[in-house]
Each structure stands twice: as C-alpha cells, then as structure tokens.
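Got your viewer ready? Load the model below, keep the selection box handy, and follow along stop by stop.

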Amino acid sequence: MPNLSNVTTAFSSAQIVPDVLPSFSPTDGVNLTFTDPVSMQSVDVVPGLLLTMGQTSMPPDITLVAPSADSGSNASFVVVLLDPDAPTPQNPNVSEFLHFLGGDFSADSTSGLLSNSTPALMEFFPPTPPPGSDPHRYVLLVFNQPDSFDVDAPTLINATTPRTNFSVTDFAQAVDLGDAIAGNYFLVGPTNLSTPTMTGTAANQPTTPSIPLTSPSSSSSGDTLSAISPSTTPSAVVTAPNNMASSPSSANANKLRTSHLIAIAVVMVLCVV
C-alpha cells in the first residue's frame, strides 16, 4: 500500500492543495498504470512522475489499494481526472480541465482494480499540453459515491458540458461527494517545446519555398537574396556609349547633303553670270 503520508506531502508540495482541493487526508491508496500503445510497456505512476503524451494516450488501469472500512466490497466510487494547469501552468485561465468523470466504479475483491458498470459522464481525454508549456499536473481523485449520484450528477456533467473551467470542489459539494478518499497525480509535458503546431486554415495552405539567389557582391559570404517579385522588377534602361562609331548609313547621308550643297552653289553662280 502506498504511504498515505507521502501522498499527502506530495499533494502539498505540488500545490494541488490548495490549487485543486482545500485539504487532502486520504484513507486509501490508488495506483495508476498506463500502457504505452507503441512499446506496450506498463508504467506505474508514483506521485509526480513525469510521463509523455504517448505514454498517457490510453486510459489507465486504476487500482484501489487497501480499502478502508468505509470502502467495502459493495461500495461504489466516483473517479475524476483533471488538469489544473490548462492551457499552461503560466496562464491557467481555463482550468480545471476535466479529462474524465465517471461513477458506479467497484473494486475487484482480490486485485482492487476499479471497473464501472455504467457509461462515464465525461469520457477519457488524453493529456495534450501545448508546445511551449511547462509540464502539467494531472490529478486523479477517488470519492465514495452517494446514493443520489446517478440522479444528480448528470444534470451537472454530461456529453455537452464544456471540459474547461471545471471545479471539482464545487462539483463535490453540489452532489454531496464529501472528501476524496484517495488520490494520485502525474506530470505530462509537450512532446517538443520548440516545434509549434499549425492549426486551422494556415495548416492547409501550400507552402511557397523562397528561391535562394546568390548575390554577386556577397557570394563569398554565403548570403542569399529572396527572389524579386515581378511587380517590383525595375525596367531596363539601355544607354549607348559616347564613343560609339557612326554607322555606314549615316556616312552616306552626309555625302548626299554635301552634293546637294555643291549643286546649289553652281546654280547660283550660273545665275549671276
């Protein structure tokens, strides 16, 4: 059985008390076991264990350890999994985010494995901390289920209820859950803090690669220039050199003008004579 004093200390050290619960005095222990869908390796959660999104992509097995006298073989339990750090621990403005909520759980008399006999009020949603976020705390709590739970709870939580801005403290008071009898928590961080994800329209747009053009004045330095847009391409201006030689047609024209001048002069002399 987990050392309940250690769990209580872990909740206080991680600020789960008071961020999620005003106080926490468990009477039972609860173990979580995730199975990595790729490697098929099982991971047993101890409070504060850092896991990956891949390891926590499937619902865990939940085992109630050494049930107290109030949690006998005929008892029913409510299980809640939440994230008090959504969307990021730096700015948890939509917390708590509800990852799972279900009732009518019973513990196997031999293993203590919890299984529920009715559909969950809120199905499991795997941890998905966004890129750039610090690791999130994911808190699992177990409560004794009151007799009126199946009537009262669906009026507050159902498939159409937003997962964001949930309060387990307010919910527990509204449906008379009392204090949590067991709890555990783990951490999950984003897969790659430096790789942003594209969503929506931008993600569907084709990308236009830039064309690297080596600048003649800087080719030795490896600098590149973006391709010039057709709309900004300057018009070409051609200037003839000042010492360009006269063409043959220009020389002929000069000779013809000279002949005309001589003929005019001859005519004028004859007229005078």
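What follows is a walk from the whole chain to a pocket, a charged network, a loop and a few backbone oddities.

**Before you click**

This is a predicted model, where local features need pLDDT of at least 70 and side-chain atom pairs count only at pLDDT 80 or more, while totals for chains, interfaces and linings use all residues. Residues are numbered from 1 along each chain as its sequence is written, and side-chain values use heavy atoms, with hydrogens and water left out.

**Stop 1: the whole chain**

Show the cartoon for the protein chain and you get 6 helices and 11 strands. Both are DSSP runs numbered from the N terminus: helices are H or I with at least four residues, strands are E with at least two.

Now colour by accessibility. Of the 273 residues, 34% are buried. Here buried means under 20% relative accessible area, exposed means over 50%, and partly exposed is in between, using a 1.4 Å probe and protein chains only.

Switch to a surface: the protein chain exposes about 16400 Å², with 57% of that supplied by carbon and sulfur atoms. The areas come from the Shrake-Rupley method with a 1.4 Å probe, and for residues only the protein chains shown count as cover.

If you draw contacts (heavy atoms within 4.5 Å), look at those with a separation of 6 or more: 73% of them involve residues 24 or more positions apart.

**Stop 2: the largest pocket**

Select Leu21, Ser23, Gly178, Asp179 and Ala180, which lie nearest the centre of the largest pocket among its 15 lining residues. A pocket here is an open set of points on a 1 Å grid over the protein atoms alone, where a 1.4 Å probe fits, with protein on both sides within 12 Å along at least five of seven lines; lining residues have an atom within 4 Å of a point.

How much space lies in the largest pocket? About 240 Å³, where the volume is the space filled by probe spheres set on the points, and points are joined across faces, edges and corners.

Next, highlight helix 4 (residues 168-174), which gives the largest share of the lining, 4 residues. Colour the lining by type and you get 8 nonpolar, 6 polar and 1 charged. In that split, Ala, Val, Leu, Ile, Met, Phe, Trp, Tyr, Cys and Pro are nonpolar, Asp, Glu, Lys and Arg are charged, and the others, Gly among them, are polar.

**Stop 3: the salt bridges**

Side chains of opposite charge can pair when their charged atoms come close. A salt bridge here is a side-chain nitrogen of Lys or Arg within 4 Å of a carboxyl oxygen of Asp or Glu, and the whole structure has 2 of them.

Select Asp19 and Arg137 as sticks: their closest N and O atoms are 3.1 Å apart. Asp19 sits in helix 2 (residues 16-19) and Arg137 in strand 8 (residues 136-144), so this pair ties together parts 118 residues apart in sequence. Asp19 is partly exposed at 42% relative accessibility, whereas Arg137 is buried at 11%.

Now add Asp85, which meets Arg137 in a salt bridge at 2.8 Å, N to O. Asp85 is in the loop between strand 5 (77-83) and strand 6 (97-107), 52 residues from Arg137. Asp85 is buried too. With shared partners, Asp19, Asp85 and Arg137 form one network.

**Stop 4: along the loop**

Stay in the loop between strand 5 and strand 6 and pick Gln90, which is partly exposed at 49%. Which residues does Gln90 contact, leaving aside neighbours within four places in sequence? Gly132, Ser133 and Asp134. Measure C-alpha to C-alpha from Gln90 to Ser133 and you should read 7.7 Å, across 43 residues of sequence.

Move on to Asn91, in that loop as well and partly exposed at 41%. Its C-alpha is 9.5 Å from that of Ser133.

**Stop 5: backbone oddities**

Finish with the torsions:

- Val17 and Pro18 are joined by a cis peptide bond, omega about 25°; Pro18 is in helix 2.
- Ser95 and Glu96 are joined by a cis peptide bond with omega about 0°; Glu96 is in the loop between strand 5 and strand 6.
- Asp104, in strand 6, has a positive phi near 60° despite not being glycine. Asp104 is buried, at 13%.
- Asn165, another non-glycine with positive phi, is near 55° and lies in the loop between helix 3 (149-152) and helix 4.
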